[in-house]
Amino acid sequence: MSETKNILQDGFGRAHAYLRISLIERCNLRCSYCMPEEGVPLTPKKHLMTPDEIYTIAKTFVDHGVTKIRLTGGEPLMRKDIPLILERLSILPVELSITSNAVIIDKFIKILKLRGVKNINVSLDSLKAEKFKQITRRDQFKKVYDNILLLVKEGFKVKINTVLMKGFNEDEIIDFINLTKRLPVAVRFIEFMPFDGNKWDLSKMVSYQKIMEQVKATFSETTIQRLEDAPNDTAKHYKIKDYQGSFAVISSVTNPFCDSCNRLRLTANGQLKNCLFSATELDLLSTLRAGKSIVPVIEKAVKAKLKTRGGMDTIEKLKEPKLHSKNRSMITIGG
Ligand code: SAM
Ligand code: SF4
């Protein structure tokens, strides 16, 4: 068991129990903060992990201490073999969850329940159909909104991920919080982060501080309740008294949570990333296909993890396009 713990423990004593697996690079939306307008070059299908390979790699992580797996993408539900992937992974003793844009999730309610998926994160950046279309370059607001209501009705625990951008949706912060009055959902405001091709600029980001200024100007101090954050949580949680849901802020830019990071990321083509912001990747899939053990490769990746944001430890470094443009676009990482 001690060897088990060690390979997923990095040089800063962080144990990694959470694996995010991207299943696909394709998506049925085109969010501007996630992918460049011209799209991204897609990996040929033969270089993407098959359901068996996903299972084998995931099992190795679970054998060494991973207890939580989240499926992401691109849009993970666009994988034709998603039922088989869910079936295989549901055998593992992990909490299995999914992040989706919810455009087609209504077709998967039964299978998600059958495979024990209880937590679903849905991206939604505006409550206005026109703005939704503007940011996602697709006219799917109604579908997504109706599907969020359906997920809640069907008893899933739903978190809504909202990337805030100045001049675009910062005026909807209070509308999103008001949504939690009647819906038991957790809205999570995410600071806009820099990735290749997303035209990031610090001035477009709405900070944790600015979000809380709006909250404090709208709700009285006695109604804003600070909730306890779970260990390794990336968000700071709040609730408005007597509202059914809650809200939180994920401040990866202004207030990174790297000290308690327990996450590793596997891309759809089987590359292991030890940090969302790191451009360095190690190739698990080729190692597996060569018939070799992936354990030493995993260990090497974990031990190489840097302390803060893949080495971009200051806002100045984050602002340096040369540094973050070496990293992939978010659509091929998976969030
Ligand atoms: N398609 C699914 C979805 O949208 O939920 C899963 C993949 S998506 C890449 C995962 C998460 O990454 C989404 O919640 C999205 O909002 C977030 N994301 C993408 N680009 C981002 C950026 N530049 N800054 C912050 N969050 C981002
Ligand atoms: Fe697709 Fe999700 Fe990226 Fe939007 S955030 S383009 S829905 S992968």
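A salt bridge here is a side-chain nitrogen of Lys or Arg within 4 Å of a carboxyl oxygen of Asp or Glu. With that in hand, hello everyone, and let's start with one such pair: Asp171 and Lys131 meet through their side chains, 3.0 Å from N to O. Asp171 lies in the loop between strand 5 and helix 7 (173–182) and Lys131 in helix 5 (residues 129–136), so this salt bridge ties together parts that are 40 residues apart in sequence. Salt bridges with shared partners also bring Glu172 in, giving one network of Lys131, Asp171 and Glu172.

Some housekeeping before I go on. This is a predicted model, where local features need pLDDT of at least 70 and side-chain atom pairs count only at pLDDT 80 or more, while totals for chains, interfaces and linings use all residues. Residues are numbered from 1 along each chain as its sequence is written, chains are lettered from A and ligands numbered from 1 in the order in which they are written, and side-chain values use heavy atoms, with hydrogens and water left out. When I say helix or strand, I mean DSSP runs numbered from the N terminus: H or I of at least four residues for helices, E of at least two for strands. Buried means under 20% relative accessible area, exposed means over 50%, and partly exposed is in between, using a 1.4 Å probe and protein chains only.

Back to our pair, then. Is Lys131 buried or exposed? At 14% relative accessibility, Lys131 counts as buried, while Asp171 is partly exposed at 47%.

How many salt bridges does a search of the whole structure find? The search gives 14, and I'd like to show you two others. Glu53 forms a salt bridge with Arg289, with the closest N and O atoms 2.8 Å apart. That pair links distant parts of the chain, since Glu53 is in helix 2 (residues 51–63) and Arg289 is in helix 9 (residues 284–289), 236 residues apart. Glu53 is buried, with a relative accessible area of 13%, and Arg289 is partly exposed, at 40%.

In the other one, Lys113 and Glu154 come together at 2.6 Å, N to O. Lys113 is in helix 4 (residues 109–114) and Glu154 sits in the loop between helix 6 (141–153) and strand 5 (157–164), so parts 41 residues apart in sequence are tied together. Both ends are partly exposed: Lys113 has 40% relative accessibility, and Glu154 has 28%.

Let's stay with helix 2 for a moment. The helix has 13 residues, which at 1.5 Å a residue should span 18 Å, and its end C-alpha atoms are indeed 18 Å apart; the expected span is 1.5 Å times one less than the number of residues. Its buried residues include Ile54, Tyr55, Ala58 and Phe61, along with Glu53 from our salt bridge. After the helix comes Gly65, with a positive phi near 120°.

Now the core. A nonpolar core is a set of buried Ala, Val, Leu, Ile, Met, Phe, Trp, Tyr and Cys residues joined through side-chain atoms within 4.5 Å. In the largest one, with 108 residues, Ile21, Phe61, Ile69 and Ile177 touch the most other members. Leaving out residues up to four places away in sequence, Ile21 touches several residues, among them Ile54 and Ala58 of helix 2, as well as Leu266; contact means heavy atoms within 4.5 Å.

On to the rings. Six aromatic pairs turn up in the whole structure, where rings of Phe, Tyr and Trp (its six-membered ring) pair if their centres lie within 6.5 Å, and planes under 30 degrees apart count as stacked, over 60 as edge-to-face and the rest as tilted. Tyr238 and Phe247 have ring centres 5.5 Å apart and planes at 15°, so they are stacked. Both of these residues are buried, and together with Phe176 and Phe189 they form one aromatic cluster.

A charge sits over a ring if NZ of Lys or CZ of Arg is within 6 Å of the ring centre and within 35 degrees of the ring normal. Arg88 does this over Tyr55, at 4.3 Å from the ring centre, and Lys236 does so over Tyr208, at 4.8 Å.

Last stop: backbone angles. Most residues other than glycine have a negative phi. Ala102, however, has a positive phi near 70°, in the loop between strand 3 (95–100) and helix 4, and is buried at 0% relative accessibility. Asp242 also has a positive phi near 70°; this residue is in the loop between strand 8 (235–240) and strand 9 (246–250), and is exposed, at 69%. Thanks for listening!
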